[in-house]
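Colleague: Please take a close look at one part of this model for me: the loops, and what lies around them. I am new to this, so go step by step.

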Amino acid sequence: MEKPSARLTSTNRPFFEGCNEGELRLQRCLSPSCGQYVYYPRVCCPHCGGGELGWEPASGRGVVVSYSRVHRPQHDSFLPEAPYYFIAVRLHEGPLLFSRLQAEGPVQEAGLIGRQVRAVFVPHNPGQRLAFFTLV
Amino acid sequence: MTGKYADRVAIIGVGQTPYEKRSQKTVHRVLWEALDAALRSAGLPMRRVDGLAVTAFVLPPDNVTTVAEHFGLEPRWLFQGLYGGASGIISMLHAARAIQAGDADVVACLTADVFDVASHMDLMDRFNAPVRDYLGPYGFGGPNGIFALHTRLYMERHGARREDFGKLVIAQRANALLNPNALFKVPLSMNDYLNARLIAEPLRLYDCVLPCTGGDCVILARPDLAPRGGPQVRLLAGGEMHNFPVEDVFALRGGWERFRDRMWAHAGYGPTEMDFVQLYDDYPVMEFVQLEGLGYAPFGGAVELIRKRDTTVRGDLPINTGGGQLSAGQAGASGGMIGVVEAVQQLRGEAGARQLPARRGLVAGYGMVAYGRGLSCSAAVLGLED
């Protein structure tokens, strides 16, 4: 059963192409007085309002901000994997990203918030991989 | 003082349809039934309505303008709520400004939706682009998954236990037993609450609303258009705020703190002078956040407040006196008007078995779930004419 997909646009396509190539990419504001990283992909910098953004390879590193073990997915295509961990990650570069925790075996929840993670690229739908995160 | 509602805009009618778990009705029919009920309570015919505000998530591809056409109205003022569950209150605030300016005389503020659990989850998977593109593909679990993240953080940062959320939920259920239109009809024990079906940890079944079908409506007008001799309910003050704080999705704060001082100053009353508080209860954690943002407790202090206070209708801090969405049901966008309807019914003396000696109260709204949180906040102070 096909999973829900992002709608690809000229704004976000580089992110999803990066996932297929095994690389986490982020936009970065090209304004010399800003230079902050941006996610989710946007048409302008939400920090300074600038209209010029470029794409850069990102470290793929971050820390867990919060987590939830999801038992009732919002779409039936995820039922075979449930329960699984839905997480919020503060990327090393600054932005907040939502994803999944890729773990072998049970997860130690105590102290999970603040743990370091790194991106791994997993199959999603045919022709599209997504970035999940694994504990470092 | 600029900005307050001159002569205190009147709420002259209130209506709510029966809430249903499954319905064959169209959203237009539910909207109409809510409007009809409110007009009857105002003693006004449909043709007197010259302003219309509508919020309904399943309305597209239609909109407030086509609803006006469907209903045979000729409005000179229109509003459509795009602020999720904050819209019901925001529609009243904007309507009040129109009435204050003379741009409209009689405004119907309407919310309705047609939902069951499956259709609601389907909408939430593609509610807007950030949800569709950056949450949905990861199996986020809908708003349940998002607010599970917030609940986890609130517990870790402020020491809340599940029993604290449970106490509030259980008190609301007790209130709901006095509300004939609430979908939940049996008391809830702490054991039931703590051991209910897992949804998205730490959230279990009774932390989550039941999507349903229903509609809610209030009629706003100049005070001189209120039926003579009837209850004189006034909109005293209010506010809205969006995407706050911009820099932190997980601040566990919402926009209420940005406008609450101005709102209380305009109202001429403070939090402790409210006879009831109708909070937006999509999730218990957001009720705690609202109590803090609206001035009932310092940041993180709602835990102690809820532990100490009795939030049932007979208690010392009545919260969601009709049961709230968690016990009455969430009829989509009407989740943002159910508290207003309950507040107005209390002030009009129409709250039946759950009637309080109420002269004034607070209502709050929240919603437009997008990238990890609801973007919009609202609140209003309502009261009887002094």
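Modeller: Start with how the elements get their names: helices and strands are DSSP runs, at least four residues for a helix and at least two for a strand, numbered from the N terminus. Keep in mind that this is a predicted model.

First, the setting. Chain B has 13 helices and 11 strands. Its radius of gyration is 19 Å, close to the 21 Å that the globule rule gives for 386 residues, so chain B is as compact as a globular protein of that length. Along the principal axes, the C-alpha atoms of chain B fill a box of roughly 50 × 45 × 40 Å. Buried residues account for 66% of the 386 residues in chain B. Now take the contacts in chain B between residues at least 6 apart in sequence. Of these, 76% join residues at least 24 apart.

Now the first loop. Where is Leu252(B)? Leu252(B) sits between β8 (233-242) and α9 (256-267) of chain B, in the loop there. The backbone is worth a look. Most residues other than glycine have a negative phi. Leu252(B) is not a glycine, yet its phi is positive, about 60 degrees. Is the residue buried or exposed? The relative accessible area of Leu252(B) is 5%. The cut-off for buried is under 20%, so Leu252(B) is buried.

Next comes Asn320(B). Look for Asn320(B) in the loop between α11 (302-308) and α12 (324-328) of chain B. Asn320(B) also has a positive phi, about 50 degrees, although it is not a glycine. With 2% relative accessibility, Asn320(B) counts as buried.

Turn to the peptide bonds. Most peptide bonds are trans. Which bond is cis at Pro61(B)? The bond from Pro60(B) to Pro61(B) is cis, with omega near 15 degrees. Pro61(B) belongs to the loop between β2 (51-55) and α2 (64-71) of chain B. Another cis bond joins Glu201(B) and Pro202(B), with omega about 5 degrees. Pro202(B) is in the loop between β5 and β6 of chain B.

Stay with Glu201(B), a residue that also takes part in a link to chain A. Glu201(B) forms a salt bridge with Arg69(A), and the closest N and O atoms are 3.6 Å apart. Why does the pair join two chains? Arg69(A) lies in strand β4 of chain A, while Glu201(B) is in the loop between β5 (198-200) and β6 of chain B, so the bridge runs from one chain to the other. The partners differ in burial. Arg69(A) is partly exposed, at 30% relative accessible area. Glu201(B) has 16% relative accessibility and counts as buried.

What does this link belong to? The count between chain A and chain B is one salt bridge. There are also 16 residue pairs in polar contact between chain A and chain B, both residues at pLDDT 80 or more. On the side of chain A that touches chain B, α1 (13-20), β4 (61-70), β5 (84-91), β6 (96-100) and β8 (128-135) each supply at least two residues. The largest share, six residues, comes from β4(A). That side of chain A divides into 22 nonpolar, nine polar and six charged residues. In terms of contacts, 37 residues of chain A meet 31 residues of chain B. The two chains bury about 3000 Å² between them, 59% of it on carbon and sulfur atoms. In chain A, Arg72(A), Gln74(A) and Phe98(A) lose the most area to chain B, together 25% of what that side buries.

Follow chain B a little further to Cys208(B). Cys208(B) lies in the loop between β6 (203-204) and β7 (214-221) of chain B. At 8% relative accessibility, Cys208(B) counts as buried. Which residues does Cys208(B) contact, apart from its neighbours within four places in sequence? Cys208(B) is in contact with Asn144(B), Ile199(B), Tyr283(B) and Leu326(B).

To finish, return to salt bridges. Over all chains, a search of the whole structure finds 26. One of them pairs Glu33(B) with Lys25(B), the closest N and O atoms being 3.0 Å apart. Glu33(B) counts as buried at 18% relative accessibility, and Lys25(B) is partly exposed at 32%. A network of salt bridges links Asp50(B), Arg76(B), Asp105(B), Arg222(B) and Asp224(B).

How values were computed. Residues are numbered from 1 along each chain as its sequence is written. Chains are lettered from A and ligands numbered from 1 in the order in which they are written. This is a predicted model: local features need pLDDT of at least 70, side-chain atom pairs count only at pLDDT 80 or more; totals for chains, interfaces and linings use all residues. Side-chain values use heavy atoms; hydrogens and water are left out. Contact means heavy atoms within 4.5 Å. Buried area is the accessible area (1.4 Å probe) that two parts lose on being put together, summed over both. A salt bridge is a side-chain nitrogen of Lys or Arg within 4 Å of a carboxyl oxygen of Asp or Glu. A polar contact is a pair of N or O atoms within 3.5 Å; within protein, one must be able to donate a hydrogen and the other to accept it, and residues adjacent in sequence count only if both atoms are side-chain atoms. Ala, Val, Leu, Ile, Met, Phe, Trp, Tyr, Cys and Pro count as nonpolar, Asp, Glu, Lys and Arg as charged, and the others, Gly among them, as polar. Buried means under 20% relative accessible area, exposed over 50%, partly exposed in between (1.4 Å probe, protein chains only). The radius of gyration is taken over C-alpha atoms; the globule rule is 2.2 Å times the number of residues to the power 0.38.
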